[in-house]
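Biologist: I am new to this structure and would be grateful for a guided discussion. May I put my questions one by one?

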Amino acid sequence: MTAPRKVLVIGSGPILIGQAAEFDYAGVQACLALREAGVETILVNSNPATVMTDPDVGGTVLIGPLSLAYLTAVIEEHRPDALLPTLGGQTGLNLAVALDDAGVLERHQVRVLGTPLAAVRAAEDRGGFRDLVTGIGEPVPESAVVETLDDGMRFVEQLGAAVVIRPAFTLGGGGGGFAHTPDEARTRIAHGLGASPIGQVLVERSLLGWYEIEFEVLRDANDTTIAICGMENLDPMGVHTGDSIVVAPIQTLPDPVVQRLRRCALKIVRALRLEGGCNVQLAVAPDGTDYRVIEVNPRVSRSSALASKATGYPIARIAAQIALGRQLHELPNPATGGNSAAFEPAVDYVVVKLPRWPFDKFPTADRSLGVQMKATGEAMAIDREFGPALLKALRSLEPRGRGWLWEDAAWGLDGAAPDDLAAFLAPSDSRLWRLVALLRHGWTDAAGLAAATGIAPWFTERLAELVDAEGRLEGAPLREAKRQGFGDAEIAALTGVPPIAVRRARVRAGITPSYRRVDTCAGEFPAETPYFYSSYALPEVPPPSDRRSVIVVGSGPIRIGQGIEFDYCSVRAAWAIRELGYDAVVINSNPETVSTDYDACSRLYFEPLDTESVLDVVDHERALTGEPPIVLLTFGGQTAIDLARDLAYGGVPVAGLTADAIEVTEDRERFAALLDRIGVDGPRGGLAADAGELHRVAGELGLPVIVRPSWVIGGRGIAVLRSPSEIDAYLATDVGWPLRVDELVAGVELDVDVISDGRDWSVPGILEQLDPPGIHSGDSLAVLPPQTLSRGAQERAAAAAGRIATALDLRGVLNVQMIVNGDRCVVIEANPRASRTIPIVAKATGRDVVAAAVRCALGGTLAEAGLQPGLAPDGPMVAVKAPVGSLWRLPGVDPTPGPEMRSTGEVLGLAATYEVARREAEEAVAVHA
């Protein structure tokens, strides 16, 4: 195979439910691997919040709509000789097929690297895949591929059983679902035909209650085929794997069954002649005597990212090298640096992945789970056994009161057991806690839970063991409680002492976690991976470091209001720290992201982002380097910022800002006082501590008003109230008192990012929101530079932001939101951290904003960071950001924009003029509508 000269890589576009940060991780790995091989890369993506769309990663980066027309124009202008389509999710696959169907690839002599499109079609076409699998002697459920509603209903009537509808060429189970009656089947089939881009669905016998197993597989052109990781869904068939609790390695099946399934997965990948990474999903009868092949994803996927982080094996990087014609036996073992990549990883720990749903933002949503994915993100945890890993994963979800001990009083379990156990335990976002609550109250046992849910008895028995350990916690040795996996906060709640007292007691007693290496080989060979997880068993001490470390606290699982943009900031921060001569240490819990790639930093700790775990890592790093590490909180969103007070109390050096400065910006009343003190205009308003005060302040200001609780992300709990009835409706919700009640100021809303060295300040860019105030900036169209404001008005806005940064004695980055109305510049709020606008400013201006902020936070000056004081001059490009939502996957949610953010992602149009940039942004949105 002749090596390609120039490769076109297709990204996956905006973050959607079902297609998230895992494809930025895959794209970054692929681009870096291609460029290391001397291959020029052309990257096309519409998502500005990604690491891959930085030129030092993606090469020639084109930010534009992921449409057939745009990609055709790219191919005509840039003349790539090869295309790599399997790293951009379903979007990338569909576009590659469309380019081939249109004759573009043949006309311009562009060859497809890795998996051939014939194999993609065979895997994605439901009928073709069924025929291929049965042709090699592997079992599939009874099914029919249909392209009309009548044909679908004929099969349903012949089958006489429950069915599942699976549309072709869709992502995240989009358009699919179960049907238990003919009427349900008619509705589901019609919907699925509409959702499939080729108007095709598979109508398949339901296997509800069977266990679901996944294998991540790699194959090269020499037919060397290896299974990287076997994973088991705790939830049985019927729940999308993205909404299921996933465990690796497989826990509940005997090894002969696991090996049978593994051989089946390898056989299918070989039959498809796939080259690269692939996900195979299978269903297994509860007694292990039978199985069925469900589907194959002929590309890297969400599960690929999870498998990579679970094993330490970089699937996307190796897949890209395979696409270049390399063979697995030629590539070095990515963990040890020797031997070869043609091996199947072995692990001596357990990995648990938990989904992160957006229902806390949307309480009216349908919270039931099925084959159509609803989670926006996920958290992963590693420990020696399932129980501790599960408890750590729960902490990693950042549950805000919904940890292991949470119960909903509405369940009424104090008085009696549920009348209908199966209905009470139907798949939903709260099922895990319901299982635990039933065990805690003694209403059933592990066998009863397994019978009611179809969950494997092994899992319910482990839950019962945790509940039993919880009951014996008071009076038990603290070391044993930690080995069981209970966090300091849970031990405190169960024993009636403050969490800080638990920490002090265990640290004094020397009860601290050790940190073990994720090495792909279960410790059998010396490994070099700087990738660690904590455990209270079997210590392993990494080698000491001779450089001081700077810790970047990540942002955890993706959610609406805190998305991939913070991972972009964390990664760029880690890279900047290493360039400054420090060890860059990252703490994060999200398996989808670039920041949890151990190549992105000097050391990676896969840990919950709570006080306990962060302080433990700080102590461990102090022991490694001999001096206290510096902690950066400003790049991990609200998750990281919320740790400031506890870290300050623990004497941890936080770079660039104080805990008090954070509280001034987060506490609405203190921030209003700051604005008044420095002479910066804020909205008229007041504080309301209860309903009476809300009515009083609103009456004094006059409606409409906007109400804002403190310490929130994504506009959570913020509302515009335009009438007395809207005030009453708001009071009927879970109000986060006290509230700041302000006038709703008319005008042009701005996002101003300011970087300060503690003395001088610089504003690299300002975004003008094109929607009126009252629409969350994350849901608004926005343009950089502003198009309707004079340079003088922009400089006044920048000066106001700079004065706030100086008053806070901040070093690093600050985001300020304000409204300009004539000569009046009204500051609404300030966030003492990077915001979702940072990647947009970086892409539009070409300035490494994060690196500059890091340098200033660590004591450097604006000049050393390459910035001039004041508002930077406009760059040559105009950027238009447009929000993209996927709330159609969440029945019961009102998609109407307001002050609380609803979009899951965003796209960017980047051009020399506003008109072209806006058109490209609108085209990019339309692709994903």
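Biologist: Does R918 count as buried, partly exposed or exposed, and at what relative accessibility?

Modeller: The model is predicted: local features need pLDDT of at least 70, side-chain atom pairs count only at pLDDT 80 or more, and totals for chains, interfaces and linings use all residues. Residues are numbered from 1 along each chain as its sequence is written, and side-chain values use heavy atoms, without hydrogens and water. Buried means under 20% relative accessible area, exposed means over 50%, and partly exposed is in between, with a 1.4 Å probe and protein chains only. R918 is therefore partly exposed, its relative accessibility being 28%.

Biologist: Which residue meets R918 in a salt bridge at 2.9 Å, N to O?

Modeller: A salt bridge is a side-chain nitrogen of Lys or Arg within 4 Å of a carboxyl oxygen of Asp or Glu. The partner is partly exposed, with a relative accessible area of 41%. The two residues lie 4 residues apart in helix α32 (residues 914-927), so about one helical turn separates them. The salt bridge joins R918 to E922.

Biologist: Which residues are joined into one network by salt bridges that share partners?

Modeller: Some salt bridges have partners in common, and these connect a set of residues. The network contains R395, K482, D488, R503, R506, D610, E612, D616, D619 and R622.

Biologist: How many residues apart in sequence are the parts that D54 and R572 tie together?

Modeller: The side chains of D54 and R572 form a salt bridge of 2.9 Å, N to O. Because D54 lies in the loop between β2 (40-45) and α2 (55-58) while R572 belongs to helix α21 (residues 564-579), the pair links parts of the chain whose separation in sequence is 518 residues.

Biologist: Is D54 buried or exposed, and what of R572?

Modeller: D54 has a relative accessibility of 5%, so D54 counts as buried. The relative accessible area of R572 is 9%, so R572 is likewise buried.

Biologist: What distance, N to O, is found in the salt bridge of R740 and D742?

Modeller: Side chains of opposite charge can pair when their charged atoms come close. In this pair R740 is buried at 8% relative accessibility, and D742 is buried with a relative accessible area of 3%. The side chains of R740 and D742 meet at 2.7 Å.

Biologist: Which residue follows W737 across a cis peptide bond?

Modeller: The bond has an omega near -10 degrees. Helices (H or I, at least four residues) and strands (E, at least two) are DSSP runs numbered from the N terminus, and the second residue of the bond is in the loop between α28 (724-731) and β26 (739-743). That residue is P738.

Biologist: What is the omega of the cis peptide bond that joins L784 and P785?

Modeller: P785 is located in the loop between β29 (782-784) and α29 (791-807). For the cis bond from L784 to P785, omega is about -5 degrees.

Biologist: What is the order of the 6 strands in the open sheet?

Modeller: Two strands pair if DSSP finds at least two bridges between them. The pairing in this sheet is mixed, and the order is β17-β18-β21-β20-β19-β22.

Biologist: Which are the edge strands?

Modeller: An edge strand of this sheet pairs on one side only. The two are β17 (514-517) and β22 (630-632).

Biologist: At what angle do helix α8 and helix α9 pack?

Modeller: Two packed helices are described by the angle between their axes and the distance between the axes. The axes are lines fitted to C-alpha atoms, for helices over the stretch in contact, and angles run from 0 to 180 degrees between N-to-C directions. The axes of α8 (residues 149-159) and α9 (residues 182-195) are 10 Å apart, and the helices pack at about 145 degrees.

Biologist: Which residues of α8 and α9 make the contact?

Modeller: Contact means heavy atoms within 4.5 Å. From α8 the contact uses L149, G152, M153 and V156, and from α9 it uses P182, A185, R186, I189, A190 and L193.
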